[in-house]
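Hi,

Here is the structure I promised to pass on. Have a look at it first, and then read my notes below.

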Amino acid sequence: MREITTSATETRQTGTRVVVAGIASIVLILGIAAILLFMNLPDANAFNARVERIFVENSNLTSQAEVKLLEILAQSGTAFSETLTSYRFVIFVLLVFATALLVAAVAFLVMLIALNRRMSRIEQKGIEVNSLMIAREQNLVYLNNFEFKLTAAAIETLSVLAEARLDDEVMSGAEIEAVISGRDASDCEEAAGATRIKRLRDSLGNQMISELLVKNIARQGYMLAIDKSVIRMV
Amino acid sequence: MKRLILSLTFLAAFASAASAECYADYKAKQDDPLRLQYGVAQIDGPCTVGDANEELVSRLADEGWQLLEVLDVFDLAGAELRRENAGDYYLRY
């Protein structure tokens with residue numbers, strides 16, 4: 001049992017590392033792609049330089065019309081490179097979107113795994129109290145979605161314990177008895193508090209088990225309130 | 001007397017050399033947006049491509065043009081031949 005726990009912890013640690021590495025590599029790869037994109041596209045001057053070279057290298061390109069034509073060629077090249085710049089921006093925006101989506105996907109995947117693990121832990125653990133509500137007027141206590149009816153004395157004990165828990169305090173039997181009866185703790189007996197706890201446990205435990213395990217179906221009888229498939233005889 | 005004639009001929013020779021006009025055709029450009037120019041210009045100094053180059057670089061730079069190359073140097077007759085190609089830039093700078 002202990003070994004399994006250790007390995008689970010290790011898995012979680014390596015998992016976190018893998019997630020961080022994965023997200024970092026996604027950002028890195030797309031960042032490199034963006035840098036390459038911006039470096040490899042020709043700038044506006046590339047066309048002008050090419051036209052200029054043609055002009056210089058061909059000594060017979062000297063008539064007015066030819067020179068004008070070369071200028072127009074350079075201008076259309078510049079216009080095209082402006083188009084490329086806008087394309088580049090669009091591609092960059094898409095890259096940013098892709099990064100965001102990939103990161104989100106990885107994060108959701110990890111969340112899903114963690115959630116699954118937590119779900120299975122809860123399933124194994126049985127009842128886990130997510131909410132405790134005490135209604136003193138009706139002598140009712142709500143554990144998660146279960147409603148339990150207690151005696152006034154048991155409700156009193158539970159309220160005292162809940163208040164102590166809110167203050168992160170541990171109470172002895174005598175202290176519990178003192179708070180409920182209103183006397184000084186030194187005048188109270190430990191056994192009186194223990195009895196109150198025992199009654200609370202009996203009443204609450206009885207109702208809880210009848211709700212969770214041994215059900216009483218009215219005018220018919222008793223039945224285990226569990227799935228057939230989980231029963232195994234050893 | 002002989003000396004005088006000799007010096008006069010020298011003088012005349014120099015004078016004619018100095019007055020023989022020198023022209024060069026060149027290519028130049030402007031950036032942003034790219035503009036190209038083929039022109040013919042008169043050269044004041046010695047009539048070689050190298051000297052014409054030096055002279056034209058500064059002369060064109062004053063007008064905002066960058067000299068790309070000087071093609072050739074020639075006399076007035078050669079310049080007339082290139083007048084049509086140079087167009088507006090014939091003897092402009």
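Let's start with a single residue: is Glu211(A) buried, exposed or partly exposed? Before the answer, keep in mind that this is a predicted model. Glu211(A) has 17 other C-beta atoms within 10 Å, so it counts as partly exposed; 20 or more would make a residue buried, and 12 or fewer would make it exposed. You'll find Glu211(A) in helix H6 of chain A, which covers residues 190–212. If you go 13 residues along the chain from Glu211(A), you come to Leu224(A), and the C-alpha atoms of the two are 9.7 Å apart.

Next, the sheet in chain A. It is an open one made of three strands, in the order E1-E2-E3, with antiparallel pairing. Strand E1 (132–135) and strand E3 (146–149) of chain A are the edge strands, each pairing on one side only. From one strand to the next, the twist averages 20 degrees. Four bridges link E1(A) with strand E2 of chain A (residues 140–143), in the antiparallel sense. To see this pairing on screen, find Met133(A), which sits opposite Tyr142(A) in E2(A). Helix H4 of chain A (residues 152–166) packs on this sheet and touches E1 and E2 of chain A, with its direction at about 135 degrees to that of E1(A).

Now over to chain B. Strand E1 (residues 22–30) and strand E2 (residues 35–43) of chain B run antiparallel, and nine bridges join them. One facing pair to look for is Lys27(B), opposite Tyr38(B) in E2(B). The two strands make a hairpin with four residues between them, and there Asp32(B) takes a positive phi near 55 degrees. E2(B) is mostly covered, as seven of its nine residues are buried.

Last stop: helix H2 of chain B, residues 49–62. How far apart should its ends be? At 1.5 Å a residue, the 14 residues of H2(B) should span 20 Å, and the end C-alpha atoms are indeed 20 Å apart, so the two agree. (The count used for the expected span is one less than the number of residues.) Within H2(B), the residues Ala52(B), Glu55(B), Leu56(B) and Leu60(B) are buried. Their cover includes E1, E2 and strand E3 (66–74) of chain B. Just after the helix H2(B) comes Gly64(B), with a positive phi of about 85 degrees.

Have fun exploring!

Key
Residues are numbered from 1 along each chain as its sequence is written. Chains are lettered from A and ligands numbered from 1 in the order in which they are written. This is a predicted model: local features need pLDDT of at least 70, side-chain atom pairs count only at pLDDT 80 or more; totals for chains, interfaces and linings use all residues. Two strands pair if DSSP finds at least two bridges between them. Axes are lines fitted to C-alpha atoms, for helices over the stretch in contact, and angles run from 0 to 180 degrees between N-to-C directions. Two residues are in contact if their C-beta atoms, placed from the backbone, lie within 7 Å.
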